[in-house]
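Grab a pencil and work through a few short exercises on the chain shown here. Try each one before reading on.

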Amino acid sequence: MKKTVLVVDLDGTLFSINTFHYFLKFLFLNGVKKFKLVFLLRFGFILFFRILKVSSHAKMKYVILKLISKREDIDFEKFVDSLAFKRNRIPVLDTFFDIKILATAAPICYADIIAKNEQFDVCFATQLPEMFSEDFENFREVKKKHVMSYLLSKGIREIDVLVTDHIDDLPLMKQSRKTIIVAPDSKLLDELKYNQIAFEILK
């Protein structure tokens with residue numbers, strides 16, 4: 001019997017915000033409260049170079065994740081708890097699926113906690129690789145590759161329902177029987193129609 005699959009995006013979908021932006025704010029405030037002056041100086045330089053567009057978004061994320069990778073004073077659970085008021089209601093999550101997947105470009109350090117709290121079976125998020133590459137983030141084709149490789153290992157070739165808010169998930173939309181879009185703007189609707197993606201809008 002075929003197993004049913006639900007895939008849900010995080011930023012702008014499960015939560016109404018970009019969680020990584022909130023995470024940056026959380027890291028800054030954590031550094032201030034704990035008087036981590038060296039950390040704050042490095043953190044500031046990273047953001048400064050990003051603001052000046054000297055570094056890409058991917059490079060900024062990589063350096064930030066590398067900066068915090070060996071720190072043990074960051075309470076990721078507390079950060080996740082602080083996001084509760086930004087949680088969107090996604091009715092399809094209350095429906096039974098054999099496999100529920102949270103697939104996001106957000107860092108695994110907190111995305112995995114969210115996935116467990118929300119009772120997802122699997123979480124695919126951005127990991128910290130040993131070496132930097134511009135495509136290390138878990139989004140677009142990389143996200144599709146991770147999700148579909150996992151499903152194919154289970155003998156599953158398609159997604160039953162995908163819930164997202166962004167055209168970046170077009171590769172996954174093409175693998176889904178049904179796509180539910182959260183809070184689309186006119187630009188996204190035009191892109192969906194251009195790409196001939198059938199969709200429903202979350203009410």
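The exercises below go from the overall fold to the cores and then to the surface; keep in mind that this is a predicted model.

**Exercise 1.** Work out whether the radius of gyration agrees with that of a compact globule.

*Solution.* Start with the length, 203 residues. A compact globule with that many would come out near 17 Å. The chain has 18 Å, so the two agree. For the extents, the C-alpha trace spans about 55 × 35 × 35 Å along its principal axes.

**Exercise 2.** List the secondary structure elements in order from the N terminus.

*Solution.* First count them: eight helices and six strands. Then walk along the chain, which gives β-α-α-α-α-β-α-β-α-β-α-β-α-β.

**Exercise 3.** Find the residues that touch the most other members of the largest nonpolar core.

*Solution.* This core has 46 residues, and the ones to pick are L14, F23, Y110, I114 and V163. Next, ask which element gives the most to it: that's α3, with seven residues. A separate core of 21 residues lies apart from it, with L162, L172, M173 and L192 among them. Now zoom in on L14: beyond its neighbours within four places in sequence, its contacts include K86, I90, L102, I114 and F120.

**Exercise 4.** Decide whether V54 is buried or exposed.

*Solution.* Locate V54 first: it sits in the loop between α2 (37–51) and α3 (57–68). Its relative accessible area is 60%. Exposed means over 50%, so V54 is exposed. Finally, look at its company: together with L41, F45, F48, F49 and L52, V54 makes a nonpolar surface patch of about 610 Å².

Note on methods
Residues numbered from 1 in each chain as written. Predicted model: local features only at pLDDT ≥ 70, side-chain atom pairs only at ≥ 80, totals over all residues. Heavy atoms only, no water. Patch = residues over 30% accessible without salt bridge, like charges linked within 9 Å, V, L, I, M, F, W, Y side chains within 5 Å. Areas by Shrake-Rupley, 256 points an atom, 1.4 Å probe, with all protein chains shown as cover. Salt bridge = Lys/Arg side-chain N within 4 Å of Asp/Glu carboxyl O. Helix = DSSP H or I, 4+ residues; strand = E, 2+ residues; numbered from the N terminus. Buried < 20%, exposed > 50% of the residue type's maximum accessible area, 1.4 Å probe, protein only. Core = buried A, V, L, I, M, F, W, Y, C linked by side-chain atoms within 4.5 Å. Contact = heavy atoms within 4.5 Å. Rg over C-alpha atoms; globule rule 2.2 N^0.38 Å.
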